[in-house]
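Hello,

Here is the structure I promised to pass on. Please open it first, and then read my notes below.

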Amino acid sequence: MNIVLFGAPGAGKGTQAERLVAERGLVQLSSGAMLRASIAEGTELGVRAKDILSRGDLVSDEIIVGMVAARLDDDDCAKGVILDGFPRTVAQALALDDMLIGRGLGLDCVIEIKVDEAALFARIENRAAKSGSARSDDNADTLRKRLAVYHERTAPLIPYYSEKGVLQSVDGMNAVSDVAAQIDVILG
Ligand code: AMP
């Protein structure tokens with residue numbers, strides 16, 4: 001089973017993905033976490049990505065697609081993946097379709113976690129307070145930028161996946177356990 005978890009920054013994609021990993025044995029493929037790992041390791045990719053993440057901009061489609069495609073070839077991904085934070089542009093979604101088709105795989109569903117934007121600020125500020133400086137992009141200024149980028153570049157994926165008939169939405173304003181229950185109904 002291959003799933004995309006979709007939503008604005010702070011919507012709870014990571015939290016739900018981690019639960020699905022624990023409960024269903026799927027592999028979480030978080031493009032943001034992969035980039036942060038590259039930054040921490042100081043790889044060439046990490047050096048190029050560091051300022052982009054801090055600004056709240058998107059890393060280029062080419063870099064991201066190459067990074068995700070390489071990870072998808074790892075043996076542990078054969079059972080299925082939860083894509084968290086990827087795709088974020090229509091070009092990435094098209095590349096994902098090709099990647100899956102090329103491997104004889106398909107996308108089972110795209111789950112959109114819908115949240116109210118005022119609540120996102122509270123969540124991100126809370127996450128920043130808890131993680132200290134662990135994420136350079138967890139602050140209100142960068143969140144504003146990330147939300148603008150989300151609306152401009154990522155939200156067009158909603159009609160894209162809706163037209164394909166794979167989009168399902170859950171109400172992300174509920175408690176984590178309620179959101180989890182809604183996702184479980186969708187996944188069966
Ligand atoms: P996330 O952890 O998903 O919130 O991602 C953190 C940051 O990593 C984003 O604000 C972007 O700068 C970058 N990033 C993560 N995933 C992608 C992607 N699919 N395309 C472009 N940039 C990404």
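Let me start with Gln-16. Leaving aside neighbours within four places in sequence, Gln-16 is in contact (heavy atoms within 4.5 Å) with Leu-5, Ile-113, Val-176, Val-179, Ala-180 and Ile-183. The side chain of Gln-16 also reaches the backbone oxygen of Val-176 at 3.2 Å, a polar contact (a pair of N or O atoms within 3.5 Å; within protein, one must be able to donate a hydrogen and the other to accept it, and residues adjacent in sequence count only if both atoms are side-chain atoms). Gln-16 lies in helix α1, residues 13-24; helices (H or I, at least four residues) and strands (E, at least two) are DSSP runs, numbered from the N terminus. Gln-16 counts as buried because its relative accessibility is 3%, where buried means under 20% relative accessible area, exposed over 50% and partly exposed in between (1.4 Å probe, protein chains only).

A word on how to read all this: the model is predicted, so local features need pLDDT of at least 70 and side-chain atom pairs count only at pLDDT 80 or more, while totals for chains, interfaces and linings use all residues. Residues are numbered from 1 along each chain as its sequence is written, and side-chain values use heavy atoms, with hydrogens and water left out.

Now to the core. The largest nonpolar core (buried Ala, Val, Leu, Ile, Met, Phe, Trp, Tyr and Cys residues joined through side-chain atoms within 4.5 Å) has 51 residues, and Leu-29, Leu-83, Leu-96, Ile-111, Tyr-161 and Ile-183 have the most contacts inside it. Helix α4 (residues 61-72) gives the most to this core, with five residues. Beyond its neighbours within four places in sequence, Leu-29 is in contact with residues including Met-34, Val-68, Leu-72 and Leu-83.

Which residues come nearest to the ligand? Of the 16 around it (a heavy atom within 4 Å), they are Ser-31, Arg-36, Asp-57, Gly-85 and Gln-92. Helix α2 (residues 31-41) gives the most to this shell, with four residues. A ligand nitrogen is 2.8 Å from an N or O atom in the side chain of Ser-31, and ligand nitrogen is also found 3.1 Å from a polar backbone atom of Val-59 and 3.0 Å from one of Gly-85. Taken alone the ligand exposes 480 Å², and the protein buries 96% of that (Shrake-Rupley method, 1.4 Å probe; for residues, only the protein chains shown count as cover).

One last detail: the peptide bond from Phe-86 to Pro-87 is cis, with omega near 0°. Pro-87 lies in the loop between β3 (81-84) and α5 (90-102).

Best wishes
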